[in-house]
Amino acid sequence: MELRSPESFWLLKNGILHSYPSLQKDIACDIAVIGSGITGALISHTLHNAGYKTVVIDKRDVAAGSSAATTSMLQYEIDVPMHKLAEMIGEQAATECYRAGIRSIAALESLVKKEHIDSGFEHKKSLQVAHSEKAVAELEKEYHYRKKNGFHVEWLTSEEIKKRFYMESHPGILSEEGASIDAFKTAHSLIKKNHDRGMLVYDHTSVKEFIYETDSVKIITEEGFTVFCKKVIFCTGFETLKMFRKKYADVISTFACVSEEDFNLYPVLKDMLIWDTADPYIYMRTTDDKRFLVGGEDIPFRYNGISEKIKGKKTANLNRKIGNLFPTLHFTEDYRWAGAFGVTKDGLPYIGEHPDFPNAIFVLGLGGNGITFSVQGMNLVLKILAGETDPLLHFYRFDR
Ligand SMILES: Cc1cc2nc3c(=O)[nH]c(=O)nc-3n(C[C@H](O)[C@H](O)[C@H](O)COP(=O)(O)OP(=O)(O)OC[C@H]3O[C@@H](n4cnc5c(N)ncnc54)[C@H](O)[C@@H]3O)c2cc1C
């Protein structure tokens with residue numbers, strides 16, 4: 001029987017955890033955060049706790065965008081290998097961007113611990129394998145480059161990979177620092193905690209117009225109410241890209257499926273994030289409820305939606321690839337879904353101000369590392385508001 005989820009796994013598993021009123025009056029605040037996904041949750045948390053009167057607005061339910069579909073692998077490795085990124089932005093900058101990824105995994109762990117959030121955070125190692133014989137040399141080059149720059153990496157041969165993970169593959173890089181999280185639950189919990197501490201949250205509130213003034217912004221909702229704020233922070237995910245005249249990123253649809261609970265290789269794979277070097281790459285991990293989660297098969301975003309037929313075909317490809325990589329793994333698909341995100345050429349996000357939008361700050365955690373980039377956005381937004389600079393703001397600027 002072909003009965004599969006029309007919604008992402010996280011939304012089905014967790015449900016809509018908390019609901020908020022829509023905006024039904026004019027209000028004033030210091031900062032309006034537009035978007036309540038993992039980015040909006042992290043940024044609003046930072047701002048509210050820094051003493052800014054903060055309001056969160058979302059046109060959907062909380063975390064019902066990409067954050068409901070994400071596979072939430074937390075990796076310091078950016079989609080562009082470090083040695084390639086170094087060719088684009090220089091060695092020091094590339095290593096700094098990779099190191100920022102490691103710091104943000106630790107920062108997210110501290111945050112969920114400090115706030116007692118039931119986030120499903122788990123430490124994991126990250127294994128990237130070559131997808132073909134031809135890709136081995138390039139991956140080995142990346143291994144040496146990272147090692148030379150002080151990263152904790154190990155080169156595993158095909159035999160070692162088979163012995164340790166029951167996996168049939170070409171050699172790969174094993175990195176120490178990785179993790180996974182339930183981004184949907186984390187975003188919901190964080191927003192609820194701050195709402196309970198006085199932060200205003202409005203869901204199902206669609207914005208019709210932003211009016212940028214000299215030292216403030218007026219936000220007009222579809223229902224005709226106004227939010228008067230000093231700054232607006234866009235945490236609006238890939239949908240933000242349509243605001244710009246320039247094309248900063250491509251939007252893609254990616255596919256994911258998850259096995260039933262207690263799959264047979266869980267004890268062997270439970271501490272692992274695994275991906276390969278193909279373009280698009282396949283990525284997989286275990287979940288905190290002992291499932292195997294697999295994603296990939298990316299295609300350009302379809303504005304008229306993804307049909308069940310395409311979803312079925314793409315996840316069938318993922319099932320076949322898992323079978324080839326893990327001949328002894330019993331993968332019984334329980335749920336399948338599709339989701340969208342933006343991809344930049346250098347794998348880096350856009351975080352900062354844009355000349356066309358005065359008094360606005362953008363935190364666009366694009367790419368396969370969107371979540372760790374959003375964590376970095378917490379500190380960076382505070383710096384922008386304080387008029388300070390940071391090397392990461394230079395690397396993540398719009399006019400790069
Ligand atoms: C299948 C899949 C797998 C992924 N895997 C990973 C991974 O392993 N690791 C990783 O780090 N990242 C991954 N990503 C990317 C990651 O999910 C995103 O970077 C992250 O969820 C983005 O969060 P966000 O809060 O910025 O955006 P979203 O979660 O999309 O939230 C944006 C919110 O803004 C709201 N909004 C937009 N426009 C407006 C408006 N005009 N008015 C009001 N509200 C508005 C939307 O309703 C939405 O709720 C994956 C994504 C997908 C789809």
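Start by selecting Cys235, in the loop between strand S10 (226-234) and S11. You are looking at a predicted model. Is Cys235 buried or exposed? Cys235 counts as buried, because 28 C-beta neighbours lie inside 10 Å, where 20 or more are needed. Now show what surrounds Cys235: leaving aside neighbours within four places in sequence, Cys235 is in contact with Val33, Ile34, Gly35, Gly37, Thr39, Gly40, Ile43 and Val363. For a longer jump, draw a distance from Cys235 to Gly342: the two are 107 residues apart in sequence, and their C-alpha atoms are 13 Å apart in space.

**The two domains**

Next, colour by domain. Domain 1 takes in 9-69 + 184-247 + 347-395, while domain 2 is made of 123-178 + 250-343. Place a marker at the C-alpha centre of each, and the markers will sit 30 Å apart. Where the domains touch, 10 residues come from domain 1 and 9 residues from domain 2. Select the domain 1 side of this contact and you will have 7 nonpolar residues, 3 polar ones and no charged ones.

**Around the ligand**

Move on to the ligand and its shell. How many residues surround the ligand? There are 40, and the closest are Gly37, Gly65, Gly237, Gly339 and Gly370. You have already met Gly37 as a contact of Cys235. Colour the shell by residue type: 13 of its residues are nonpolar, 23 polar and 4 charged. With the domain colours back on, you can see that domain 1 and domain 2 each supply at least three residues to this shell.

Which elements give two or more residues to the shell? They are helix H2 (38-49), strand S11 (250-259), strand S15 (333-343) and helix H10 (370-385). Pick out H10 here, as H10 gives the most, with 4 residues.

**Trp337 and a long line across the model**

Stay with strand S15 and select Trp337, which is found in that strand. Trp337 counts as buried because it has 24 C-beta neighbours inside 10 Å. Now draw a line from Trp337 to His144: the pair is separated by 193 residues in sequence and by 37 Å in space, C-alpha to C-alpha.

**Helix H5**

Next, select residues 136-148, which make up helix H5. This helix has 13 residues and reaches 18 Å from its first C-alpha to its last, close to the 18 Å expected at 1.5 Å a residue. Show the side chains of Leu139, Tyr143, Tyr145 and Arg146, the buried residues of H5. Why do they share a side of H5? They are on the same side because they cover an arc of only 165° around the axis. Turn to the other side of H5 to find Ala137 and Lys148 exposed. To see what the buried residues pack against, add helix H3 (82-89), strand S4 (122-129), strand S5 (153-156) and strand S6 (172-180). Just after H5, stop at Gly150, where phi is positive at about 90°.

**Helix H9**

Now go to residues 308-325, helix H9. H9 has 18 residues and spans 26 Å from first C-alpha to last, close to the 26 Å expected at 1.5 Å a residue. Its buried residues are Lys311, Lys314, Thr315, Leu318 and Leu325. They lie on the same side of H9 because their arc around the axis is only 90°. On the other side of H9, look for Lys309, Lys313, Arg320 and Asn324, which are exposed. Display S11, strand S14 (292-300) and S15 to see what the buried residues of H9 pack against.

**Backbone details**

Finish with some backbone geometry. Most residues other than glycine have a negative phi, and most peptide bonds are trans. With that in mind, select Asp279 and Pro280, which are joined by a cis peptide bond with omega of about 5°. Pro280 sits in the loop between strand S12 (272-276) and strand S13 (283-286).

Then visit His116, in the loop between helix H4 (91-114) and S4. His116 is not a glycine, yet its phi is positive, near 55°. His116 is exposed because it has 9 other C-beta atoms within 10 Å.

The last stop is Tyr166, in the loop between helix H6 (158-165) and S6. Tyr166 also has a positive phi, of about 55°, although it is not a glycine. Tyr166 counts as partly exposed, because 16 C-beta neighbours lie inside 10 Å.

Notes:
Residues are numbered from 1 along each chain as its sequence is written. This is a predicted model: local features need pLDDT of at least 70, side-chain atom pairs count only at pLDDT 80 or more; totals for chains, interfaces and linings use all residues. Domain bounds come from an automatic or database domain assignment. Two residues are in contact if their C-beta atoms, placed from the backbone, lie within 7 Å. Ala, Val, Leu, Ile, Met, Phe, Trp, Tyr, Cys and Pro count as nonpolar, Asp, Glu, Lys and Arg as charged, and the others, Gly among them, as polar. A residue is near a molecule or strand if its C-beta atom, placed from the backbone, lies within 6 Å of it. The expected span of a helix is 1.5 Å times one less than its number of residues. A residue is buried if 20 or more other C-beta atoms lie within 10 Å of its own, exposed if 12 or fewer, and partly exposed in between; C-beta atoms are placed from the backbone. The arc is that of the directions from the helix axis to the C-beta atoms.
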